[in-house]
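Trainee: Hi, could you walk me through this one at the bench computer? I'd like to ask things as they come up.

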Amino acid sequence: MQDKCGIVGIYSHNTSENISYSLYYGLYALQHRGQESAGISLHNGQRMKTYQGMGLVCDVFNNGNLDKLKGNVGIGHVRYSTTGKSLLENSQPFYSEFQGGSIAIAHNGDIINSHELREELKAQGHHIRSSTDSEVICHMLSREYIKNQDMIQCIQEVSQKLIGSYSLVVLVNNDLYVVRDPVGLKPLALGEKGDIKMVASETVAFDVIGAQLIRDVEPGEIILLNNKTYSYKMKNVHNMPRAHCMFEYVYFARPDSYIDGRNVYQVRLNIGQELYKQFPAEADVVMPIPDSAITAAIGYSRSSGLPYGEGLIKNRYIGRTFIMPTQGEREASVKLKMNPIKSELEGKRIVLVDDSIVRGTTSRALIDVLKETGVEEIHLRIGCPPIISPCYYGVAMATKKELIAANNTLNDIHKILGVDSLGYLSLDSLVKCIGIGQDRLCTGCFNEEYPTTLPKDLVYQA
Ligand code: SF4
């Protein structure tokens with residue numbers, strides 16, 4: 001399961017300050033949100049420059065190319081593809097020249113109706129070079145800007161037509177615009193340090209340059225950062241519910257981030273504690289599936305009094321692996337990513353904590369590996385409810401047909417996985433652990449209650 005992208009935007013009131021390294025460090029801190037490509041656009045008061053490439057932030061940027069990027073205002077992006085292939089032409093920021101100057105855009109999210117919008121633009125003569133929804137937004141904004149030289153008005157107009165999730169940073173000449181979709185599906189926070197105002201998908205990007213969190217960008221808010229900070233509300237947002245993605249807390253975000261006022265580490269500790277309350281187990285040790293379930297396993301261990309231990313070591317230097325055609329090869333692929341420590345596992349009864357189960361194939365393969373290593377009992381605890389429906393907002397999960405919990409009862413899943421006991425955290429408990437009311441969270445993949453309309457053909461495909 002992968003999220004789509006991390007974004008950063010910085011404006012320095014000191015026009016002689018070069019913010020390229022601050023953007024670079026911010027992207028570095030968001031690397032977990034996308035490892036396929038990275039890019040930065042900067043404006044120095046005269047012209048805009050963009051540099052982007054495939055790979056990790058440290059592969060794309062070096063002193064040579066960063067030193068050539070100069071400016072006091074800019075945006076950055078790390079990408080994991082959900083719409084469009086992993087190609088350089090799909091990397092961001094997208095940029096283009098138009099009559100009024102230059103525009104660059106970095107987007108986190110997924111536009112559900114991008115196909116229709118793309119066709120509309122093509123019919124009007126727009127040449128769209130990538131296969132992503134983010135470039136569609138870029139063209140829509142520049143189309144509006146040519147008609148109406150007021151970018152706030154343009155964002156208002158374009159946002160009326162977008163269905164889906166979008167946190168955006170948009171550089172129009174040397175003005176930085178920040179946009180969060182009307183329900184706030186994707187996170188976006190505002191921070192500052194001295195002359196710098198900064199926005200980022202997660203607050204860890206502030207920490208790395210010593211900036212302080214001011215607040216979260218509000219759902220449906222448009223912020224203009226130039227010599228002052230201006231805040232606007234999108235039209236009609238007062239009727240919209242809030243719907244922050246629950247998976248940010250369960251899995252995506254770094255545990256040292258704050259998302260919509262909640263400390264992710266604390267949420268994950270709460271998840272572990274609740275899992276113990278709902279599903280205690282007679283066991284010798286509590287172990288996480290690394291890395292995303294580590295904090296929840298610590299929470300379970302603290303509540304239960306069972307020792308916390310490591311039984312699986314994750315290979316952190318692994319990229320995407322090829323889809324393995326045979327079961328034997330898939331198991332080899334699992335061992336490449338996660339290797340058991342026999343001395344910690346043999347003869348033990350373990351509580352194994354994972355953040356979620358999507359298809360169940362990786363869980364099944366890992367459980368087989370643990371059993372072969374000599375584990376006596378496995379009590380599997382899952383830090384969220386069963387995933388019964390796909391995500392339409394930029395989380396590459398699976399289709400409904402592939403989701404184990406959409407097609408099997410809990411008893412069946414218990415048997416398929418071959419564990420001694422299985423416990424999924426309930427939706428009510430997860431909401432309680434996050435500490436934000438369910439009416440302000442997206443729960444679509446758990447209960448099919450999505451916060452936006454879904455085009456009919458999309459539901460059918462799922
Ligand atoms: S459907 Fe699930 S993964 Fe997608 S935004 Fe909603 S809570 Fe997040």
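Mentor: Happy to! A word on terms to begin with: helices (H or I, at least four residues) and strands (E, at least two) are DSSP runs, numbered from the N terminus. This is a predicted model, where local features need pLDDT of at least 70, side-chain atom pairs count only at pLDDT 80 or more, and totals for chains, interfaces and linings use all residues. Residues are numbered from 1 along each chain as its sequence is written.

Trainee: Thanks. So how many helices and strands does the chain have?

Mentor: The chain has 18 helices and 23 strands.

Trainee: And what does the C-alpha trace span along its principal axes?

Mentor: About 70 × 45 × 40 Å. The radius of gyration (taken over C-alpha atoms) can be set against a globule rule of 2.2 Å times the number of residues to the power 0.38. For 462 residues a compact globule would come near 23 Å, and the chain has 23 Å, which agrees.

Trainee: What share of the residues is buried?

Mentor: 51% of the 462 residues count as buried. A residue is buried if 20 or more other C-beta atoms lie within 10 Å of its own, exposed if 12 or fewer, and partly exposed in between, with C-beta atoms placed from the backbone.

Trainee: Can you show me a helix by that yardstick?

Mentor: Try helix H1 (residues 20-29): seven of its ten residues are buried, so H1 is largely enclosed by the rest of the structure. Among the buried ones are Leu23, Tyr24 and Leu27.

Trainee: New topic: which residues sit around the ligand?

Mentor: They are Leu185, Cys245, Met246, Phe247, Cys391, Tyr393, Val395, Cys442, Thr443, Gly444 and Cys445. To be listed, a residue needs its C-beta atom, placed from the backbone, within 6 Å of the molecule.

Trainee: How does that shell divide into nonpolar, polar and charged?

Mentor: Nine are nonpolar, two polar and none charged. Here Ala, Val, Leu, Ile, Met, Phe, Trp, Tyr, Cys and Pro count as nonpolar, Asp, Glu, Lys and Arg as charged, and the others, Gly among them, as polar.

Trainee: Okay, Ile289 next. Buried or exposed?

Mentor: Ile289 is buried, because 23 other C-beta atoms lie within 10 Å. Its place is the loop between strand E17 (285-288) and helix H10 (294-304).

Trainee: What is Ile289 in contact with, beyond its neighbours within four places in sequence?

Mentor: Leaving those neighbours aside, Ile289 is in contact with Leu312, Leu352, Val353, Asp354 and Leu366. Two residues are in contact if their C-beta atoms, placed from the backbone, lie within 7 Å.

Trainee: Which peptide bonds are cis?

Mentor: One is in the loop you just looked at: the bond from Pro290 to Asp291 is cis, with omega near -5°, and Asp291 lies between E17 and H10. Another cis bond runs from Gln92 to Pro93, with omega near 5°. Pro93 is in the loop between strand E4 (73-79) and strand E5 (94-98).

Trainee: Why point those out?

Mentor: Because most peptide bonds are trans, and most residues other than glycine have a negative phi.

Trainee: Then which residue has a positive phi although it is not a glycine?

Mentor: Asn173 is one of them, with a phi of about 50°. Asn173 is found in the loop between strand E7 (164-172) and strand E8 (175-180), and with 18 C-beta neighbours inside 10 Å it counts as partly exposed. Glu448 also has a positive phi, near 65°, and lies in the loop between helix H17 (444-447) and helix H18 (456-461).
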